[in-house]
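Colleague: I should like to learn how to read the features of a model such as this one, one at a time. Could we begin with a strand and work outwards from there?

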Amino acid sequence: MYSKVDQHIKTLYNEPLDPLWDNQKITYDTAKYNWNEIFLGVTQELKPEIKNLQDIHLHFQLEDFVDLRKHYERFTNSSQFSTMVDEFIVDYVVDKIPSEEYLVQRTTGIRLLIPDQVKQGRLLNFHTGYWTGYDNHMYTTWVPVTDSWDSNAMQVLTWEQTLKITDEIYNNKLSLEEVQDMCEKVCWPVNCKVGEAWQFNQGVWHGNINNDTGVSRVSFDVRVATPQSDFEHRRPGSFYRFPGESAEENFAKLRTDGKWIVFTDQNSDFVYPTPHYMIREFMISYARGLGINPVEWANEAWCTDWMPAFDYKIKQDLQGIVLPSIFAFSESNERVLEMLSEGIENGMQFLFVDENLVADTQKDLDHIKKLYNFMKK
Ligand SMILES: [Fe+2]
């Protein structure tokens with residue numbers, strides 16, 4: 001049966017399927033959520049001549065699609081879009097999740113499925129959410145922004161087919177080609193008109209087949225995680241935000257002049273398996289991108305877990321310290337908050353790269369504490 005490394009998958013599939021998230025179609029109010037028009041407008045900022053999102057492949061070169069996605073992400077990070085998503089969640093999701101507390105995906109990614117995408121090396125292969133870093137307590141609503149049908153729709157399997165195929169995949173360690181072939185034989189398209197969306201469980205196999213409809217399909221996911229979620233690599237504060245927040249960049253209070261250093265606690269679980277110079281180099285270029293010119297980089301002392309080097313740095317005359325993440329410390333959360341508080345009292349700012357967060361007030365520390373608490377639950 002399952003090998004030791006696959007036990008995790010077995011555990012995930014052992015949880016009962018919530019019928020509310022068993023491939024359910026919902027309809028929503030397009031007058032309130034006119035996503036098609038909104039995303040057409042965002043696209044027209046780059047190409048005013050485009051009249052229909054289904055023609056997107058006629059207006060953008062293949063090599064422009066990465067920039068186009070980034071352009072969309074700047075919009076989906078805005079408080080305008082985040083507020084709409086939050087309201088959509090209140091209208092169509094909150095009643096279906098088993099917790100009053102939840103987090104929302106911070107940056108909503110936009111999916112662009114162009115015609116004949118397999119030839120262009122752009123096939124999104126069949127996968128489950130478990131293969132992309134989610135678990136059972138993350139709830140997905142797939143929202144097509146253009147009509148989706150047949151080969152331009154997301155393809156899904158039933159829960160029954162999913163369980164059978166998962167066994168076969170894991171028992172035989174199938175290649176991605178074999179997985180794709182197997183899923184393509186039994187999948188069916190999620191046909192949705194604009195105004196319809198799809199709610200499904202992360203365990204379900206889903207993906208794309210070659211789009212031979214001749215038109216593009218645009219969609220996005222609304223993802224919500226409850227405290228029962230095992231966050232692992234997708235964490236509160238970086239991948240997820242609280243309702244009411246947005247990922248809109250808020251570096252206005254960053255004081256870029258003065259002495260800044262880049263600091264890595266390589267004893268932390270966050271950094272430990274990665275050569276810490278990689279983390280440091282990323283932080284240096286991130287800081288420079290924001291107009292900070294670090295005067296030094298420093299590391300925690302190896303073989304310690306009380307962070308003596310960081311404790312020393314927060315007492316120095318520095319403008320600020322760039323850190324990988326609010327989770328990149330080897331000390332307890334309580335002690336970390338204490339040290340950050342001391343640094344802030346000393347006039348310092350802390351810039352957390354993974355969270356795009358500047359902390360220099362007690363309110364910021366309260367926010368970090370809230371994120372720690374959510375992670376622990
Ligand atoms: Fe997916």
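Colleague: How many of the 9 residues of β9 are buried?

Modeller: In this predicted model, 8 of the 9 residues of β9 are buried, so the strand is largely enclosed by the rest of the structure. A residue is taken as buried when 20 or more other C-beta atoms lie within 10 Å of its own.

Colleague: Which strands are joined to β9, and by how many bridges?

Modeller: Strand β2, residues 103-105, runs antiparallel to β9 and is joined to it by 2 bridges. Strand β3 is joined to β9 by 4 bridges, again antiparallel, and β4 by 7 bridges, also antiparallel. One may follow the register through individual partners. Leucine 103 has alanine 225 of β9 as its bridge partner, and leucine 112 stands opposite valine 218 in β9. From β4, methionine 138 stands opposite alanine 225, while tryptophan 142 stands opposite aspartate 221.

Colleague: For β4 itself, how should I read its two faces: covered or open?

Modeller: The general idea concerns alternation. In a regular strand, side chains point by turns to the two faces of the sheet. In β4, Met138, Thr140, Trp142 and Pro144 lie on one side, Tyr139, Thr141 and Val143 lie on the other, and all of these are buried. Both faces are thus covered, in keeping with the count of 7 buried residues out of 7 for this strand. β4 also pairs with strand β7, residues 196-200, through 3 antiparallel bridges. Within that pairing, threonine 141 has glutamine 199 as its bridge partner in β7.

Colleague: Where does the largest nonpolar core draw its residues from, and which members touch the most others?

Modeller: As a general point, nonpolar side chains in soluble globular proteins tend to be buried together. Here, the largest nonpolar core has 76 residues, and Val224, Val322, Leu323 and Phe350 touch the most other members. Strand β9, residues 217-225, supplies the largest share of this core, with 5 residues. The core also draws at least three residues from each of domain 1 (7-249) and domain 2 (253-376).

Colleague: Which residues does valine 224 touch, leaving out those up to four places away in sequence?

Modeller: Valine 224 touches Ile89, Val93, Ile97, Tyr102, Val104 and Tyr139 under that condition. Tyr139 has already appeared as one of the buried residues of β4.

Colleague: Let us turn to the domains. What does the assignment give, and how far apart are the centres?

Modeller: The assignment divides the chain into domain 1 (7-249) and domain 2 (253-376). Their centres, taken over C-alpha atoms, are separated by 33 Å. The contact takes 8 residues from domain 1 and 10 residues from domain 2. On the side of domain 1 that touches domain 2, the residues divide into 4 nonpolar, 2 polar and 2 charged.

Colleague: How does one read a helix? Which residues of α2 are buried, and which are exposed on the other side?

Modeller: One asks where the buried residues lie around the axis. In helix α2, residues 35-44, the buried residues are Trp35, Phe39 and Thr43. Viewed down the axis of α2, these buried residues fall within an arc of 70°, so they line one face of the helix. Glu37, Gly41 and Gln44 are exposed on the other side of α2. The cover over the buried residues of α2 includes α3 (56-59), β4 and β9.

Colleague: What is the order of the open sheet of 3 strands, and which strands stand at its edges?

Modeller: The order is β6-β5-β8, with antiparallel pairing. β6 (188-189) and β8 (206-207) stand at the edges with a single partner strand each, so one side of each has no neighbour in the sheet. Strand β5, residues 155-156, is joined to β8 by 2 antiparallel bridges, and glutamine 155 stands opposite glycine 207 in β8.

Colleague: Finally, a residue in a loop. Is phenylalanine 126 buried or exposed?

Modeller: Phenylalanine 126 lies in the loop between β3 (110-113) and β4 (138-144). This residue is buried, because 24 other C-beta atoms lie within 10 Å, against the cut-off of 20 or more. Leaving aside neighbours within four places in sequence, phenylalanine 126 is in contact with Val179, Gln180, Cys183, Trp205, His206 and Gly207. Phenylalanine 126 and valine 156 are 30 residues apart in sequence, and their C-alpha atoms are 8.6 Å apart in space.

Technical notes
Residues numbered from 1 in each chain as written. Predicted model: local features only at pLDDT ≥ 70, side-chain atom pairs only at ≥ 80, totals over all residues. Core = buried A, V, L, I, M, F, W, Y, C linked by C-beta atoms within 7 Å. Buried ≥ 20, exposed ≤ 12 C-beta atoms within 10 Å, placed from the backbone. Domains from an automatic or database assignment. Contact = placed C-beta atoms within 7 Å. Nonpolar A, V, L, I, M, F, W, Y, C, P; charged D, E, K, R; others polar. Pairing = 2+ DSSP bridges. Arc of directions from axis to C-beta.
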